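Visitor: Please take me on a close look at a single part of this model: its surface. I would like to know which residues shape it.

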Amino acid sequence: MNVDLVVSPEEFDDTVDQFESIMSQFRYTEGHRYAEWKQGDPIAEYGLTALIVGGAGAVALQTGLLAKLWKVIVIGVAAVVSAARKFFRALFGKKGDAEATVNG
């Protein structure tokens, strides 16, 4: 566990002793330490990115931002899909198009 103290420079000297006192008493809950993990214990099936994206989605939903921007989101997704299709068509091309150009 890593904990950082974030305070203004004016409060630093007064806060350090209190911070160190609190942190010296910190202990993980019995049975929840990493060293106590055993095969079969539940694990998270998602990563940090999923937590961030999920949190941003929850905030957008709660604030009503999602309701206001849903059209923009749909258009953006459609643009990305269209660009991907064009890219792969250009990359792989169609054999029929190439043969028609050579024979035509």
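Guide: A residue is called buried under 20% relative accessible area, exposed over 50% and partly exposed in between (1.4 Å probe, protein chains only). T15 is buried by that rule, because its relative accessible area is 18%. This is a predicted model, so local features need pLDDT of at least 70 and side-chain atom pairs pLDDT 80 or more, while totals for chains, interfaces and linings use all residues. Numbering starts from 1 along each chain as its sequence is written, and side-chain values rest on heavy atoms, without hydrogens and water.

Let us set the scene first. The protein has four helices and zero strands, in the order α-α-α-α from the N terminus; helices (H or I, at least four residues) and strands (E, at least two) are DSSP runs. Of its 104 residues, 3% count as buried. About 9,800 Å² is exposed, and carbon and sulfur atoms supply 63% of that, by the Shrake-Rupley method with a 1.4 Å probe.

Now to helix α1, residues 9-24. T15 sits in this helix and touches L5 and V7, leaving aside residues up to four places away in sequence; a contact has heavy atoms within 4.5 Å. E11 is also part of helix α1, but E11 is partly exposed, because its relative accessible area is 44%. E11 joins E10, D13, D14, D17 and E20 in a surface patch of negative charge. Patch residues have over 30% relative accessible area and no salt bridge, with like charges joined within 9 Å and nonpolar side chains within 5 Å. A salt bridge puts a Lys or Arg side-chain nitrogen within 4 Å of an Asp or Glu carboxyl oxygen. Asp and Glu count as negative, with the charge placed at CG of Asp or CD of Glu.

The surface also has a nonpolar patch of about 690 Å², made by L61, L65, L66, L69, V72, I73, V77 and V81. Helix α3, residues 65-92, gives the most to this patch, with seven residues. One residue of the patch, I73, lies in helix α3 and is partly exposed, because its relative accessible area is 42%.
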